[in-house]
Structures are given as C-alpha cells and as structure tokens.
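I opened a fresh page for this structure. My plan is to look things up one by one and write down what I find.

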Amino acid sequence: MQMNRRDTEKSRRKYLVGWLYLVAVGHVLVAIVMTLWGDGSVMLEYHQQVLVSFGLPADALALQHWWFKLFGATLQAFSLLMLLLIYAGNRYADPIIWLALALTILCWAPQDIYISLQQSIWSHLWVDLGALLAIVPAAIGLMVMDYRSKR
C-alpha cells in the first residue's frame, strides 16, 4: 500500500525531528566530555596545534585546557537550549522556531570559521561545516513543512 502525501510528510517530519534530537544530544555529550576530560591525552594534538598557531610556549597548555573546558560548559548550555528549541518546534509546529534554530547556527558558524581560520585552525572549519550540514537543512525543511501545514 502506498503512503499518501500527508503520511509521507509526517514521516519525513518525524525523521527530521529525530535527527535534530540526535544531533543535539550529541552536542550535549561532546560538551560534557570537553568539560570533564578536555585536558586528556586524546586532545593533546589539538591543544598543541592551537598553541602553535598562536605562537605560545608549551607551558601555556594549562591555559588552553582551561579555555577548552570553559567552552565545553558553554556548549552544554547551548546544547540544552537547542534541545528546547527542537522540543518546542516539534510540539507547536511553529515555523519561526525552526527558523530561530537555523539562524542561530548560521550566525555562529561563519564567525567561528572566520576567527579560527585567521589562526589556521582548520579543524574548526570541518566541525563547523559538519554542524551546519547536520542542523540547518533539517531546520529549514521543518520550517517549510510547518509553514505549509499551517496554510
């Protein structure tokens, strides 16, 4: 039996919302790891790259660890707000909520990329592009779906 257009749209919407929940929970988990274990040996190469890009001595590693952990805590808060937007967007099917999510990422990513590339920290480019591709198309898709359903 073939699904009608409305059922297909509901299924697509459910998938996109689930995808965004998965991405947001991933952000929360990564942020927790950054905060708790940001000074671990797994991240040593990244931290050393940052120090080299700023021309800082190796003894500045403790400061780099501190900033990294601090960013992890900030990312945790950001991720919880992202989860709240996803919940509200799904619950109320209001296109403006999905637009807010997309615009938030579109505001942050280019700035983060620009600032990072000024110091030749290319890993941020790839992480930021990943976040853009994981979040913005799904948010825009949901915005369009919810806008159509309200008409």
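**Entry 1: the start of the chain.** I count a polar contact as a pair of N or O atoms within 3.5 Å, where one must be able to donate a hydrogen and the other to accept it. The model is predicted, so I keep that in mind throughout. I looked first at asparagine 4, which sits in the segment before H1. Its side chain reaches the backbone nitrogen of aspartate 7 at 2.7 Å. Asparagine 4 is partly exposed, with a relative accessible area of 42%.

**Entry 2: helix H3.** I checked the length of H3, residues 61-92. At 1.5 Å a residue, its 32 residues should span 46 Å, and the end C-alpha atoms are 46 Å apart, so the two values agree.

Which residues of H3 are buried? I noted Gln64, His65, Phe68, Gly72, Leu75, Ser79, Met82, Ile86, Ala88 and Gly89. I then asked what covers them. The cover includes helix H1 (5-37), helix H2 (44-53), helix H4 (95-118) and helix H5 (122-150).

I picked serine 79 in H3 for a closer look. Its relative accessibility is 0%, so serine 79 counts as buried. Leaving out residues up to four places away in sequence, serine 79 touches Ala24, His27 and Val28.

**Entry 3: a surface patch.** I turned to the outside. Leu63, Trp66, Trp67 and Leu70 make a nonpolar surface patch of about 440 Å². Tryptophan 67 belongs to helix H3. I asked whether tryptophan 67 is buried or partly exposed. Tryptophan 67 is partly exposed, at a relative accessible area of 48%.

**Entry 4: salt bridges.** How many salt bridges does a search of the whole structure find? I got 3.

I began with glutamate 9 and arginine 12, whose side chains meet at 3.9 Å, N to O. Both residues lie in helix H1, 3 residues apart, about one turn of the helix. An α-helix has 3.6 residues a turn, so residues three or four places apart point the same way. Arginine 12 is partly exposed, with a relative accessible area of 43%.

Next I looked at aspartate 146 and arginine 13, which form a salt bridge at 2.8 Å, N to O. Aspartate 146 lies in helix H5 and arginine 13 in helix H1, so this pair ties together parts that are 133 residues apart in sequence. I checked burial too: aspartate 146 and arginine 13 are both buried.

Then I came to aspartate 39 and lysine 69, a salt bridge with its closest N and O atoms 3.4 Å apart. This pair links distant parts of the chain, with aspartate 39 in the loop between H1 and H2 and lysine 69 in helix H3, 30 residues apart. Aspartate 39 counts as partly exposed at 39% relative accessibility. Lysine 69 counts as partly exposed at 26%.

**Entry 5: helix H4.** I found serine 116 in helix H4. Serine 116 is buried, because its relative accessible area of 7% falls under 20%. What does its side chain reach at 2.8 Å on the backbone? I found the backbone oxygen of aspartate 112. The side chain of serine 116 also makes a polar contact with the side chain of histidine 124, at 2.8 Å. Not counting residues up to four places away in sequence, serine 116 touches Ile121 and His124.

I compared positions along the chain as well. The C-alpha atoms of serine 116 and asparagine 4 are separated by 47 Å, with their positions 112 residues apart in the sequence count. Proline 110 is in helix H4 too. Proline 110 counts as partly exposed, at 44% relative accessibility. From proline 110 to leucine 129 I read 9.1 Å, C-alpha to C-alpha, for 19 residues in sequence.

**Entry 6: positive phi.** I ended with backbone angles. Most residues other than glycine have a negative phi. Which residue just after H3 takes a positive phi? I found alanine 93, at about 45°. Alanine 93 is in the loop between H3 and H4.

I noted serine 120 as well, with a positive phi near 60°. Serine 120 is placed in the loop between H4 and H5. At 43% relative accessibility, serine 120 counts as partly exposed.

Definitions and conventions: Residues numbered from 1 in each chain as written. Predicted model: local features only at pLDDT ≥ 70, side-chain atom pairs only at ≥ 80, totals over all residues. Heavy atoms only, no water. Helix = DSSP H or I, 4+ residues; strand = E, 2+ residues; numbered from the N terminus. Expected span 1.5 Å × (residues − 1). Buried < 20%, exposed > 50% of the residue type's maximum accessible area, 1.4 Å probe, protein only. Contact = heavy atoms within 4.5 Å. Patch = residues over 30% accessible without salt bridge, like charges linked within 9 Å, V, L, I, M, F, W, Y side chains within 5 Å. Areas by Shrake-Rupley, 256 points an atom, 1.4 Å probe, with all protein chains shown as cover. Salt bridge = Lys/Arg side-chain N within 4 Å of Asp/Glu carboxyl O.
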